[in-house]
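Please open the model in your viewer and keep the sequence beside it, since the tour moves from one selection to the next. Each stop suggests what to select and then says what is there.

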Amino acid sequence: MTERATPFHCPYCGDEDLRPQEEPHAAWLCGGCRRVFTVKFVGLNLAGPTAQREEVTR
């Protein structure tokens, strides 16, 4: 796994012109709207969608 999660588009404007930034750590600069944002990997859902539906219906 890489240290930096790679986004495919800007979450604000949808532009695909993204460049890595050194500060803050693991940040990305959008060439379209000039916003700087970070992406964080939280984890994997190993239980799958069926387990989530069961928890909601309980």
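How many disulfides does the count come to? The count comes to zero disulfides in this predicted model, and the cysteines themselves make a useful place to begin.

Select Cys-30 together with Cys-13, and show the side chains. The closest cysteine sulfur to that of Cys-30 belongs to Cys-13 and lies 3.6 Å away, which is too far for a bond, given that a disulfide requires the two sulfur atoms to be within 2.5 Å. Now add Cys-33 to the selection: its sulfur has the sulfur of Cys-30 as its closest cysteine partner, at 3.7 Å, and this distance too is too far for a bond. With a surface displayed, you can see that Cys-30 is buried, with a relative accessible area of 0%, whereas Cys-33 is partly exposed, with a relative accessible area of 25%.

Next, step back and colour the chain by secondary structure. The chain contains one helix and three strands, and these follow one another along the sequence in the pattern β-β-β-α. Of the 58 residues in the chain, 17% count as buried.

Select the three strands together. They form an open sheet in the order 1-2-3, with antiparallel pairing. Strand 1 and strand 3 stand at the edges and have a single partner strand each, so one side of each is left without a neighbour in the sheet. If you look across the sheet, neighbouring strands are turned against each other by 35 degrees on average, with direction ignored.

Keep strand 1 and strand 2 in view and hide the rest. Strand 2 covers residues 27–30, and four bridges join strand 1 to this antiparallel neighbour. Two places are worth labelling here: Arg-19 stands opposite Leu-29 in strand 2, and Pro-20 stands opposite Trp-28 in strand 2. The two strands form a hairpin with five residues between them, and in the turn you will find Ala-26, which has a positive phi of about 65 degrees.

Which residues should be selected for the aromatic pair, and why is the pair called edge-to-face? Select Tyr-12 and Phe-37: their ring centres are 6.3 Å apart and their planes stand at 70 degrees, so the pair is edge-to-face, an angle over 60 degrees being what that term requires. The pair links distant parts of the chain, because Tyr-12 lies in the segment before strand 1 (18–21) and Phe-37 lies in strand 3 (residues 36–38), 25 residues apart. The count comes to one aromatic pair. Of its two members, Tyr-12 is exposed, with a relative accessible area of 51%, while Phe-37 counts as buried at 6% relative accessibility. For the chain as a whole, 14% of the contacts between residues at least 6 apart in sequence join residues at least 24 apart.

Finally, colour the model by pLDDT. The chain averages a pLDDT of 83, and 74% of the residues score at least 70. Among the elements of the chain, strand 2 has the highest mean pLDDT, 96, and helix 1 (residues 49–57) the lowest, 61. Where pLDDT is low, the predicted coordinates should not be read in detail.

Methods. Residues numbered from 1 in each chain as written. Predicted model: local features only at pLDDT ≥ 70, side-chain atom pairs only at ≥ 80, totals over all residues. Heavy atoms only, no water. Phe/Tyr/Trp six-rings, centres within 6.5 Å; stacked < 30°, edge-to-face > 60°. Buried < 20%, exposed > 50% of the residue type's maximum accessible area, 1.4 Å probe, protein only. Pairing = 2+ DSSP bridges. Axes fitted to C-alpha atoms, helices over the stretch in contact; angles between N-to-C directions. pLDDT = per-residue confidence, 0-100. Contact = heavy atoms within 4.5 Å.
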